[in-house]
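Here is a short briefing for a reader new to this structure. Please look it over alongside the notes that follow.

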Amino acid sequence: MHLCPNCNEQLRSRSMSNFTVDECPSCDGLWFDDQVPEKMVCTVASPQFFFEPIAFEKKREVPEGRLQCPRCQVTMDVFEVRGVAVDVCQSCRGLWLDSHELRRILSD
Ligand SMILES: [Zn+2]
Ligand SMILES: [Zn+2]
């Protein structure tokens with residue numbers, strides 16, 4: 001079980017058709033385990049999540065507010081996807097999305 005990097009709540013596993021996503025019941029953040037960050041970004045068409053291949057833009061230096069990977073506790077790197085900062089763990093290749101980050105990606 002993983003804990004939310006934002007609020008330390010226990011994430012809830014949710015099975016999708018071909019992958020699992022962990023949701024935070026408190027802040028609605030999403031954790032994607034063991035993905036391929038360079039090739040994915042998620043789009044949502046309720047209630048299913050779909051992935052579309054989109055290249056992650058350049059890595060961005062964020063001096064503050066960096067999050068720890070809920071799986072391996074290393075500091076995650078921040079990538080830009082459509083101008084939105086997304087946290088990616090280079091160690092386990094997991095990806096964290098705050099709910100507002102997801103909404104901003106999808107609003108394009
Ligand atoms: Zn949370
Ligand atoms: Zn990790």
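Two strands pair if DSSP finds at least two bridges between them. By that rule, strand E7 (residues 77–81) pairs with E8, because five bridges join the two. This is a predicted model. Its main features are a sheet, a zinc site and a stretch of low confidence.

**The sheet**
- Seven strands make up an open sheet, with antiparallel pairing.
- Their order is E1-E2-E3-E9-E8-E7-E6.
- Strand E1 (12–15) and strand E6 (59–60) are the edge strands, each pairing on one side only.
- Strands of a sheet pair through backbone hydrogen bonds, either parallel or antiparallel.
- Strand E2 (residues 20–23) runs antiparallel to strand E3 (residues 30–32), and three bridges link them.
- Glu23 has Leu30 in E3 as its bridge partner.

**Strand E8 and its neighbours**
- Strand E8 covers residues 84–88, and five of its five residues are buried.
- In a regular strand the side chains alternate between the two faces of the sheet.
- In E8, Val84, Val86 and Val88 point one way, while Ala85 and Asp87 point the other way.
- E7 and E8 run antiparallel.
- Across that pairing, Phe79 stands opposite Val86 in E8.
- On to strand E9 (residues 95–97): two bridges join this strand to E8, again in an antiparallel arrangement.
- Val88 has Leu95 in E9 as its bridge partner.
- E8 and E9 form a hairpin, with six residues between them.
- Arg93 lies in the turn of that hairpin and has a positive phi of about 65°.

**The zinc site**
- Which residues coordinate the zinc ion (ligand 2)? Cys69, Cys72, Cys89 and Cys92 do, each through SG, at 2.1 to 2.3 Å.
- In sequence, these donor residues follow the spacing C-x2-C-x16-C-x2-C.
- The arrangement is tetrahedral because the four donor atoms subtend angles of 105 to 118° around the zinc ion (ligand 2).
- Is Cys69 buried or exposed? Cys69 counts as buried, because its relative accessibility is 0%.
- Cys72 has 28% relative accessibility, so Cys72 counts as partly exposed.

**Confidence**
- The protein averages a pLDDT of 75, and 66% of the residues score at least 70.
- Over residues 37–51 the pLDDT is below 50.
- Beyond near neighbours in sequence, that stretch has 46 contacts in the model.
- Where pLDDT is low, the predicted coordinates should not be read in detail.

Technical notes:
Residues are numbered from 1 along each chain as its sequence is written. Chains are lettered from A and ligands numbered from 1 in the order in which they are written. This is a predicted model: local features need pLDDT of at least 70, side-chain atom pairs count only at pLDDT 80 or more; totals for chains, interfaces and linings use all residues. Side-chain values use heavy atoms; hydrogens and water are left out. Donors are N, O and S atoms within 2.8 Å of the metal (3.2 Å for Na, K and Ca); water is not among the atoms, so sites may look incomplete. Four donors count as tetrahedral if all angles lie between 85 and 135 degrees; four count as square planar and six as octahedral if opposite donors are over 155 degrees apart and all others between 65 and 115; anything else is irregular. Buried means under 20% relative accessible area, exposed over 50%, partly exposed in between (1.4 Å probe, protein chains only). Helices (H or I, at least four residues) and strands (E, at least two) are DSSP runs, numbered from the N terminus. pLDDT is the predictor's confidence in each residue, from 0 to 100. Contact means heavy atoms within 4.5 Å.
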